[in-house]
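Me: I am new to this structure and would like a close look at a single part of it. Please take the inside of the chain, and explain how the parts that line it fit together.

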Amino acid sequence: MALHLLEKIKNNSPDFFEKLVVDLLVKMGYGGSREDAGKAIGGSNDGGIDGIINEDRLGLDVVYIQAKQWEGNVPRPEIQKFAGALQGQRARKGIFISTSNFTSGAEEYVKTIDSKIILINGSQLAQYMIEHNVGVSIEKTYEIKRVDSDYFAENTE
């Protein structure tokens with residue numbers, strides 16, 4: 001299913017992908033509602049930032065997003081550009097999401113800088129989408145219940 005999801009993502013526009021990423025982050029608990037929590041701001045003059053999302057419901061901090069539909073491994077220079085874009089916004093936190101993987105140089109680079117950048121590759125993206133029901137729907141659900149003995153146990157102390 002994960003491979004099928006990635007194929008569907010790659011067959012859509014970059015604008016669609018940027019909106020998908022914001023939808024996923026909202027479902028993962030960032031921000032509050034979709035309208036209040038985040039927005040896709042990509043475009044040709046986006047300054048290296050594709051979206052912004054509140055870190056929590058109160059909006060105490062924001063997280064900047066870069067979403068790339070990439071075929072090969074994302075190299076270090078792409079992550080460096082994103083880190084520079086974060087600096088330009090005086091931002092401390094960012095998420096770089098790709099439909100592919102990252103080079104080892106890119107992964108090592110994020111460990112050495114002051115800004116906190118989380119890298120999410122295509123495989124992780126698909127798993128998060130499945131886990132949080134973004135782009136997938138539940139076909140069947142089974143619920144089995146039992147009596148919770150702990151609930152009925154009185155404290156005798």
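Reply: What follows goes through the nonpolar cores, beginning with the chain as a whole and ending with a few places outside them.

The model is a predicted one. The chain has seven helices and five strands, and their order from the N terminus is α-α-α-β-β-β-α-β-α-β-α-α. Of its 157 residues, 36% count as buried. Among contacts with a separation of 6 or more, 57% are between residues 24 or more positions apart. The exposed surface comes to about 10,300 Å², and carbon and sulfur atoms supply 47% of that area.

In soluble globular proteins, nonpolar side chains tend to be buried together. Here the largest nonpolar core has 21 residues. The residues with the most contacts inside this core are Ile9, Phe17, Leu20, Val21, Ile97, Leu125 and Met129. At least two residues each come from helix 1 (2-10), helix 2 (14-27), strand 3 (62-68), strand 4 (93-98) and helix 6 (122-131). Helix 2 gives the most, with seven residues. Val21 serves as an example: leaving aside neighbours within four places in sequence, Val21 is in contact with Ile65, Ala67 and Ile97.

Helix 1 shows how one element is turned towards the inside. Its buried residues include Leu5, Leu6 and Ile9. Seen down the helix axis, the buried residues of helix 1 fall within an arc of 95°, so they line one face of the helix. An α-helix has 3.6 residues a turn, so residues three or four places apart point the same way. The buried residues of helix 1 pack against helix 2 and helix 6. On the face turned away from the buried side, helix 1 carries the exposed residues Leu3 and His4.

There is also a second, separate core of 17 residues, which includes Phe82, Phe96, Phe102 and Leu119. Ring pairs link Phe82, Phe96 and Phe102 into a cluster. The count of aromatic pairs comes to three. One of them, Phe82 with Phe96, is edge-to-face, with 5.7 Å centre to centre and 80° between the planes. Phe82 lies in helix 4 and Phe96 in strand 4, so this pair ties together parts that are 14 residues apart in sequence. Phe82 and Phe96 are both buried. Another edge-to-face pair is formed by Tyr151 and Phe152, at 5.1 Å centre to centre and 85° between the planes. Tyr151 and Phe152 are both exposed.

Asp61 is a charged residue to look at alongside these cores. Asp61 sits in the loop between strand 2 (51-54) and strand 3. At 16% relative accessibility, Asp61 counts as buried, because the cut-off is under 20%. Its side chain makes a polar contact of 2.6 Å with the side chain of Arg92, and another of 3.3 Å with the side chain of Lys93. Leaving aside neighbours within four places in sequence, Asp61 is in contact with Ile53, Asn54, Glu55, Arg92 and Lys93.

Gln89 is found in the loop between helix 4 (76-88) and strand 4. At 43% relative accessibility, Gln89 counts as partly exposed. Beyond neighbours within four places in sequence, Gln89 is in contact with Ile49 and Tyr64. The C-alpha atoms of Gln89 and Ile49 are separated by 9.3 Å, and the two residues are 40 residues apart along the chain.

Terms used: Residues numbered from 1 in each chain as written. Predicted model: local features only at pLDDT ≥ 70, side-chain atom pairs only at ≥ 80, totals over all residues. Heavy atoms only, no water. Core = buried A, V, L, I, M, F, W, Y, C linked by side-chain atoms within 4.5 Å. Buried < 20%, exposed > 50% of the residue type's maximum accessible area, 1.4 Å probe, protein only. Helix = DSSP H or I, 4+ residues; strand = E, 2+ residues; numbered from the N terminus. Contact = heavy atoms within 4.5 Å. Polar contact = N/O pair within 3.5 Å; in protein donor to acceptor, adjacent residues only side chain to side chain. Arc of directions from axis to C-beta. Areas by Shrake-Rupley, 256 points an atom, 1.4 Å probe, with all protein chains shown as cover. Phe/Tyr/Trp six-rings, centres within 6.5 Å; stacked < 30°, edge-to-face > 60°.
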